[in-house]
Amino acid sequence: MTYRTVQNWVYNAAESIEKETGKQDWKEVSAHDLRRTWATNLVQSGVPESNVMEWGGWTDFGTFRDHYFSESDEQIERQLKGVDGF
């Protein structure tokens with residue numbers, strides 16, 4: 001399997017979904033989008049960031065946080081509930 005193979009899978013799936021739904025936005029989906037969504041969903045579900053980084057192949061925490069992960073408002077609220085004074 002190569003990087004191009006994964007890109008082809010994503011392209012073919014997006015093309016199929018676009019045909020089914022009539023929404024051309026699916027043609028803009030990339031493997032990078034799916035990887036970012038996968039990581040975000042895992043972290044928001046409570047999987048430790050260190051595990052997601054290992055499974056996804058990230059080695060730099062700053063890059064992971066800046067480019068591949070976004071916290072939801074709900075997740076931030078859950079985290080703050082455990083802190084005294086909030």
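**Exercise 1. The salt bridge of Glu49**

Determine whether Glu49 is buried, partly exposed or exposed in this predicted model, and identify its salt-bridge partner.

*Solution.* Step 1: the relative accessibility of Glu49 is 21%. Buried would require a value under 20%, and exposed a value over 50%. Glu49 therefore counts as partly exposed.

Step 2: the partner is Arg65, and the closest N and O atoms of the two residues are 2.7 Å apart. This pair links distant parts of the chain, since Glu49 lies in helix α3 and Arg65 in helix α4 (residues 61–68), with their positions 16 residues apart in the numbering.

Step 3: Arg65 has a relative accessible area of 27%, so this residue is partly exposed.

**Exercise 2. The second salt bridge**

State how many salt bridges a search of the whole structure finds, and describe the one formed by Arg36.

*Solution.* Step 1: the search yields 2 salt bridges. One of them is the pair of Arg65 and Glu49.

Step 2: Arg36 pairs with Asp33, with 2.8 Å separating the closest N and O atoms.

Step 3: both residues belong to helix α2 (residues 31–44), where they are 3 residues apart, about one turn of the helix.

Step 4: the accessibility of each partner is then classified. Arg36, at 29% relative accessibility, is partly exposed. Asp33, at 23%, is also partly exposed.

**Exercise 3. The two faces of helix α3**

Identify the buried residues of helix α3 and decide how they are placed around its axis.

*Solution.* Step 1: within α3 (residues 49–56), the buried residues are Val52, Met53 and Gly56. They span an arc of only 100 degrees around the axis, and therefore lie on the same side of α3.

Step 2: the face turned away from this buried side carries the exposed residues Glu54 and Trp55.

Step 3: just beyond the helix, Gly57 adopts a positive phi of about 85 degrees.

**Exercise 4. The nonpolar core**

List the members of the largest nonpolar core and state which helices each supply at least two of its residues.

*Solution.* Step 1: the core has 6 residues in all, namely Ala39, Val43, Val52, Met53, Trp58 and Phe64. Helices α2 and α3 each contribute at least two residues.

Step 2: the surroundings of Val52 can be examined in the same model. Leaving aside residues up to four places away in sequence, Val52 touches Trp38, Ala39, Leu42, Val43, Val47, Trp58 and Phe64. Among these contacts, Ala39, Val43, Trp58 and Phe64 are also members of the core.

**Exercise 5. The nonpolar surface patch**

Name the residues that make the nonpolar surface patch of about 200 Å² and locate Ile76.

*Solution.* Step 1: the patch consists of Ile76, Leu80 and Val83.

Step 2: Ile76 is found in helix α5 (residues 73–81). Its relative accessible area is 34%, so Ile76 is partly exposed.

**Exercise 6. The overall picture**

Summarise the secondary structure, burial, contacts and accessible surface of the protein.

*Solution.* Step 1: the protein has 5 helices and 0 strands, following the pattern α-α-α-α-α along the sequence.

Step 2: of its 86 residues, 20% are buried.

Step 3: among contacts between residues at least 6 apart in sequence, 32% join residues at least 24 apart.

Step 4: the accessible surface comes to about 6500 Å², and carbon and sulfur atoms account for 50% of this area.

Terms used:
Residues are numbered from 1 along each chain as its sequence is written. This is a predicted model: local features need pLDDT of at least 70, side-chain atom pairs count only at pLDDT 80 or more; totals for chains, interfaces and linings use all residues. Side-chain values use heavy atoms; hydrogens and water are left out. Buried means under 20% relative accessible area, exposed over 50%, partly exposed in between (1.4 Å probe, protein chains only). Helices (H or I, at least four residues) and strands (E, at least two) are DSSP runs, numbered from the N terminus. The arc is that of the directions from the helix axis to the C-beta atoms. A salt bridge is a side-chain nitrogen of Lys or Arg within 4 Å of a carboxyl oxygen of Asp or Glu. Contact means heavy atoms within 4.5 Å. Accessible areas come from the Shrake-Rupley method with a 1.4 Å probe; for residues, only the protein chains shown count as cover. A nonpolar core is a set of buried Ala, Val, Leu, Ile, Met, Phe, Trp, Tyr and Cys residues joined through side-chain atoms within 4.5 Å. Patches are made of residues with over 30% relative accessible area and no salt bridge: like charges are joined within 9 Å, nonpolar side chains (Val, Leu, Ile, Met, Phe, Trp, Tyr) within 5 Å.
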